[in-house]
Amino acid sequence: MEKKNQKNKSKEEIELLGRRIVNQIDKGKNPEIVFPLRNLSNIVYDKKTKTLKLGDKKGSRLFFNVAHAKKFLQTVEVASIIKKELLDSGKHEHLRGVFYISKRTIPGTNVNIVDDQTESDKAIEDLEVITGLSREQMHVSANKMGSMVGNIILEDSGDTIDCSKLGRGGYSVPSITDELSFKKVNAKYILYMEKAAIFERLNEDKFWQKNNAILVTSQGQTTRGIRRLLQRLSDEENLPIYVLTDFDCWGFYIYSVIKYGSIALAHASEKLTIPGVKFLGITADDIVKYDLKKHLIKLNEQDLTRMKQVSEYEWFKENKDWLRQLKMMKDFGAKAEIQALATKGISFISEKYLPEKIKNKEFLD
Amino acid sequence: MTENIKAVELSKKQREISISEFFTRNRHLLGFDNPTRALMMVVKEAVDNALDATMEMKVLPEIYVELKQLNEDRFIVIVEDNGPGIIKQQIPNIFAKLLYGSKFHTLKQNRGQQGIGISAAVLYSQLTTGKFTKIISKIHPKKPAHYFELHIDTKRNEPIIERDHEVDWNKDHGTRIELELEARYQKGRQSVDEYIKQTAIVNPHAKIIYITPEKERIEFPRVTNDLPKEPKEIKPHPHGIEIGTLIRMLKDTTSTTLSSFLQNDFSRIGPTVSSNICDEAKLSTRAKPSSLENSQIEILFKVIQNTKIIAPPTDCLSPIGSELLEKGLKKEIQADFFTTTTRPPSVYRGMPFLIEAAIAYGGDLDKESTIRLMRFANRVPLLYQQGACGITEGASDITWRPYGLGQSSGNLPTGPAIIVVHIASVWVPFTSEAKEAIAHYDEILKEIKLALQDCGRKLAAYIRKNVKAKEQKERISLFEKYIPELAFSLSNLTGEKSAIIEENLKKILNKNMSKLIESVQEDGKEESKE
């Protein structure tokens, strides 16, 4: 359970922001919020810790500046909601809920304080860098979009959950995983996959039972809750983590986010990144080895643009193995989905591909 | 015997057709195609004459125009000026003989060019009503005024004087013409009203009083006491003539040698060029101009066209001037913004010309429709044949969007604007004798575009600035709306009183208002701080 002093600390931090602004106003100054910039220009790849971090560049948001005023108001409004509606009462609210509480029309205008959820979401991320509090510490949760199965028993809000006895769906991972505690873990490794469909395939094949593994998925980009869960399992239970994604630049980036952190959440890297994570597949070599070339999908305009971006990220640019993968993808002129393995037989992935790769330690770092 | 020969038989029917007869049958060529247009043409010819007459005398024009409606399709047109008047003997010729006048043989920036104008109006009056045209003219305060009633003998192109006597006329000098004609009166873009209004715009030195058929008196005031610079007469430039003109000039010249003819009757030919031309054409410099044979003239013409000769002088032109054009527009057009441009003179086919342009924008002008194009040639409004006019082509060729007007490609732009183009030239190239559309010479189109683009740039700057200013105002008022919201949020966050925070924020806003307006112009990005 969250400790009481953490809640008080959160309250203090968020109130401090308000106090500073009120002080400025009392002194007749243009109210200003200063915070680290969160765009690519201020993202630093720390080679020592192998994580993405925020640099030293600071941005300034002024209330009396037409270009900033609305964002300024959004930041303060969302802060007041977190303080008054969540922290004061000890309740949690979803990102969507915060959006609805802050969404209202300013009297005498046709202007809404926030027009869509991306604006309130952004305000919360801004508050993270401004106050140093994580979203979770501010009692704001996100969509839970992830599942876990395997030989692991954990405790969630007083309930004990055995993840080996949860049928085809598995354990639905909550958006805030800081408060989970691991009771009993009996597995050799964690397999994290981009595709929920593969998760279902492997679960049906009882892959985790046969190979003594924990399976985790979160459809598409990995949520913060899952990333924090994986990090804790890696740190606290010393489990190796292998990542299985499509053979495309979006898949590669999913892997790199788990390993090094993301541009959008660089300020939270410390609590989310897992430098030890390994990429299992699908690789260009798998395509050659398992003769999957017939099942490739031609790269489109977006793929090529993304490829160009990804190959310029420092953490890819300085890694020969990844440059080789990207080059081979470019030479193929094509990408592949994990499901392409099914052309070798529905259970080819669980019976041959995965066991072989893991046994031979065919990983990319 | 002869009775059986066809040619002899035919010859009985063949005879000279006088210009008057020709006009009778082809009145559309001169712009008298329908009763509405005829009314405009008659007023136009009379007003043009009035303005030119006062110009020659160097007096500030005071022109009186009156339309009297007799019945639905019959009108009396009266135009009176304070010009120099016309001596008694010349009155019949000027008003009742076609192609008679002082302008036809000269190259000078004049309103009329062919001398066909006013007598055509007299003829039209005669043809449609059979009435006499009444003229009063006075040349000096101490001399009597003369009154004439005139017709034209259409077969011989000679005046018929019905009455001729002295009258009392309460005026120092000037001319008054009164014609009765079949016509129709209408309002709108091609009306007499519009013609007079546009005339007032490009003649800001003139005072015009206009009595409409509804007996409404409209006064167009004078906004400057400066007379326009009088255009100078120039001799033709050798590259601007046709072979027929050369033949006529050789016949008419008073010069006795070819060399002196070339030097005296043309501009820009000196002794060297003259003797070069003669050598090249294998003609003696002392040849008698009138004795040249046609084959020799043909060679001479070709040689002249192929000889390099400097461009004609351009100081013969008299632009309205940017400042006066703007004044003229401002007094007649309700708009927020005016810009004008006068281009330096240029040359087409040996003829000097000059383009002026203006744009009026905003105000009462219609935002949705096509702009209004006002075309002028030597200070005369052109109301007809807009589609056939080179000015229209020039204005449509420009890409107007960057200048802040709408446009579907190749068309005139849309927006709350009036676009004005004036061409001044010693010889305006009209597409027909109706003198309503400018011919499409490349040199002229180019100048039109340059002039309009210059106006366009100034218009764009104005629009940018003003649209911005409007946005700034709106944004400042947005701060006022944001303040209570911010105060409310901060109060929730800190527990401080909302009203006090709001008061303090208002103080900051009021104190920094001017600074805030300036800062709006900066890029909206959140500045980075190292």
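Which residues of β12(A) are buried on one side and which on the other? In this predicted model, Y189(A), L191(A) and M193(A) are buried on one side of the strand, while I190(A) and Y192(A) are buried on the other.

**Figure 1. Strand β12 of chain A, covered on both faces.** The strand comprises residues 189–193 of chain A, and 5 of its 5 residues are buried, so β12(A) is largely enclosed by the rest of the structure. Looking at its pairings, the student can find strand β13 (residues 213–217) of chain A, which runs parallel to β12(A) and is joined to it by 5 bridges. Within this pairing, Y189(A) stands opposite A213(A) of β13(A). Strand β14 (residues 241–244) of chain A also runs parallel to β12(A), and here 4 bridges join the two. In this second pairing, I190(A) has I241(A) of β14(A) as its bridge partner.

**Figure 2. The open sheet of chain A that contains β12.** Strands of a sheet pair through backbone hydrogen bonds, and the pairing may be either parallel or antiparallel. In this sheet the pairing is mixed, and the 6 strands follow the order β10-β7-β13-β12-β14-β15. At the edges stand β10 (171–172) and β15 (278–281) of chain A, and each has a single partner strand, so one side of each is left without a neighbour in the sheet. The partner of β10(A) is strand β7 (residues 147–150) of chain A; these two run antiparallel and are joined by 2 bridges. One residue pair to look for in this pairing is M148(A) with its bridge partner Y171(A) in β10(A).

**Figure 3. Two helices that lie across the sheet of chain A.** Helix α5 (residues 196–204) of chain A lies across β7, β12, β13 and β14 of chain A, and runs at about 150° to β13(A). Helix α7 (residues 224–237) of chain A lies across β7, β12, β13 and β14 of chain A as well, and its angle to β12(A) is about 160°.

**Figure 4. Surroundings of N211(A).** This residue lies in helix α6 (residues 207–211) of chain A. Is N211(A) buried or exposed? Its relative accessibility is 18%, and buried means under 20%, so N211(A) counts as buried. When residues up to four places away in sequence are not counted, N211(A) touches K188(A), Y189(A) and P355(A). Of these, Y189(A) has already appeared in the first view, as one of the buried residues of β12(A).

**Figure 5. I274(A), a buried residue in a loop.** The loop that holds I274(A) connects α8 (249–260) and β15 of chain A. With a relative accessible area of 3%, I274(A) is buried. The residue is 13 residues along the chain from G261(A), and the C-alpha atoms of the two are separated by 8.2 Å. Leaving aside neighbours within four places in sequence, I274(A) is in contact with R227(A), L230(A), Q231(A), S234(A), I241(A), I258(A) and K259(A). Among these contacts, I241(A) is also the bridge partner of I190(A) in β14(A).

**Figure 6. Packing of helices α3 and α6 in chain B.** Two packed helices are described by the angle between their axes and the distance between the axes. Here helix α3 (residues 35–57) and helix α6 (residues 192–202) of chain B pack at an angle of about 25°, and their axes are 9 Å apart. Angles under 35 degrees count as roughly parallel, and α3(B) and α6(B) are therefore roughly parallel to each other. Their crossing is right-handed. On the α3(B) side the contact is made by L39(B), M40(B), V43(B), K44(B), V47(B), D48(B) and L51(B), and on the α6(B) side by V192(B), Y195(B), I196(B) and T199(B). The residues of this contact divide into 8 nonpolar, 1 polar and 2 charged.

**Figure 7. Y482(B) in contact with residues of chain A.** In chain B, Y482(B) lies in helix α13 (residues 442–494). The residue is buried, with a relative accessible area of 3%. Which residues is Y482(B) in contact with, leaving aside its neighbours within four places in sequence? They are F63(A), A69(A), K70(A), L73(A), I106(A) and V111(A). Y482(B) and E502(B) are 20 residues apart in sequence, and their C-alpha atoms are 9.9 Å apart in space.

Terms used
Residues numbered from 1 in each chain as written. Chains lettered and ligands numbered in written order. Predicted model: local features only at pLDDT ≥ 70, side-chain atom pairs only at ≥ 80, totals over all residues. Heavy atoms only, no water. Buried < 20%, exposed > 50% of the residue type's maximum accessible area, 1.4 Å probe, protein only. Pairing = 2+ DSSP bridges. Axes fitted to C-alpha atoms, helices over the stretch in contact; angles between N-to-C directions. Parallel < 35°, antiparallel > 145°, perpendicular 65-115°, else oblique. Left-handed = near helix turned anticlockwise from the far one by under 90°. Contact = heavy atoms within 4.5 Å. Nonpolar A, V, L, I, M, F, W, Y, C, P; charged D, E, K, R; others polar.
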